[in-house]
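Here's a quick briefing to read with the model open beside you. It starts with the whole chain and then works through a handful of residues.

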Amino acid sequence: MNKGELVDQIAAKANVTKKDADLVLTTMLEVILETVASGEKVTLVGFGTFEARDRQAREGRNPSTGKPIKIPATRVPAFSAGKLFKEKVLESKK
């Protein structure tokens, strides 16, 4: 599902226009991005948590030469699925 299809589904389920659904979805994503980028967590109970995680510096290998390389420490976005989300996905596999 892409963003356009998601907007269509939201508009249909919430009984709003596609324009309004797109505005709400776009705004929600912007707020999540800005909040996580500032170092805070966004928790949507049942759905999951968006947060920034720090990765330590480590040593890797250049796949073409096999020589060791240093991979610097970095900060990455992360998502942890909530209980309801996990249960729904597990249920769909049955």
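What follows is a short tour, from overall build to single residues.

Keep in mind that this is a predicted model. The protein has 3 helices and 5 strands, and from the N terminus on they run α-α-β-β-β-β-β-α. With a radius of gyration of 19 Å, well over the 12 Å that the globule rule gives for 94 residues, the protein is more spread out than a compact globule.

**Overall build**

- Along its principal axes, the C-alpha trace spans about 55 × 35 × 30 Å.
- Buried residues come to 17% of the 94 residues in the protein.
- Take the contacts between residues at least 6 apart in sequence: 31% of them join residues at least 24 apart.
- About 7800 Å² of the protein is exposed, and carbon and sulfur atoms supply 58% of that area.
- On the charge side, there are 17 positive and 12 negative side chains, and the centres of the two sets lie 9 Å apart.

**The N-terminal end: N2 and N15**

- N2 sits in the segment before α1, and its side chain reaches the backbone nitrogen of G4 at 3.1 Å.
- Is N2 buried, exposed or partly exposed? Its relative accessible area is 44%, so N2 counts as partly exposed, which takes a value between 20% and 50%.
- N15 falls in the loop between α1 (3-14) and α2 (18-37).
- The backbone of N15 deserves a look: its phi is near 55 degrees, a positive value in a residue other than glycine.
- For background, most residues other than glycine have a negative phi.
- N15 has 71% relative accessibility, so this loop residue counts as exposed, the cut-off being over 50%.

**Strand β2: T49, E51 and A52**

- Strand β2 covers residues 48-55, and E51 lies in it; T49 is in β2 too, as is A52.
- Why does E51 count as buried? Because its relative accessibility is 14%, and buried means under 20%.
- The side chain of E51 still has a polar partner: it makes a polar contact with the side chain of R53 at 3.1 Å.
- Setting aside residues up to four places away in sequence, E51 touches V36, K41, V76, P77, A78 and S80.
- T49 has a relative accessible area of 17%, so it is buried as well, again under the 20% cut-off.
- Which side chain does the side chain of T49 meet in a polar contact? That would be T43, at 3.5 Å.
- Beyond its neighbours within four places in sequence, T49 is in contact with K41, V42, T43, A78, F79 and S80.
- A52, with neighbours within four places left out, is in contact with V36, R75, V76 and P77.
- For a sense of distance across the model, A52 and Q9 are 43 residues apart in sequence, and their C-alpha atoms are 29 Å apart in space.

**Strand β5: P77**

- P77 is found in strand β5, which takes in residues 74-81.
- How far apart are the C-alpha atoms of P77 and E51, which are 26 residues apart along the chain? They are separated by 5.9 Å.
- Once neighbours within four places in sequence are left aside, P77 is in contact with E51 and A52, and those two residues lie in β2.
- P77 has a relative accessible area of 73%, so it is exposed, with the cut-off at over 50%. Its contact partner E51, by comparison, counts as buried at 14%.

**The C-terminal helix: V89**

- V89 is found in helix α3, residues 83-93.
- At 47% relative accessibility, V89 counts as partly exposed.
- V89 and M28 are 61 residues apart along the chain, and 23 Å separates their C-alpha atoms.

Technical notes
Residues are numbered from 1 along each chain as its sequence is written. This is a predicted model: local features need pLDDT of at least 70, side-chain atom pairs count only at pLDDT 80 or more; totals for chains, interfaces and linings use all residues. Side-chain values use heavy atoms; hydrogens and water are left out. Helices (H or I, at least four residues) and strands (E, at least two) are DSSP runs, numbered from the N terminus. Buried means under 20% relative accessible area, exposed over 50%, partly exposed in between (1.4 Å probe, protein chains only). A polar contact is a pair of N or O atoms within 3.5 Å; within protein, one must be able to donate a hydrogen and the other to accept it, and residues adjacent in sequence count only if both atoms are side-chain atoms. Contact means heavy atoms within 4.5 Å. The radius of gyration is taken over C-alpha atoms; the globule rule is 2.2 Å times the number of residues to the power 0.38. Accessible areas come from the Shrake-Rupley method with a 1.4 Å probe; for residues, only the protein chains shown count as cover. Lys and Arg count as positive and Asp and Glu as negative; His and the chain ends are not counted. The place of a charge is taken as NZ of Lys, CZ of Arg, CG of Asp or CD of Glu.
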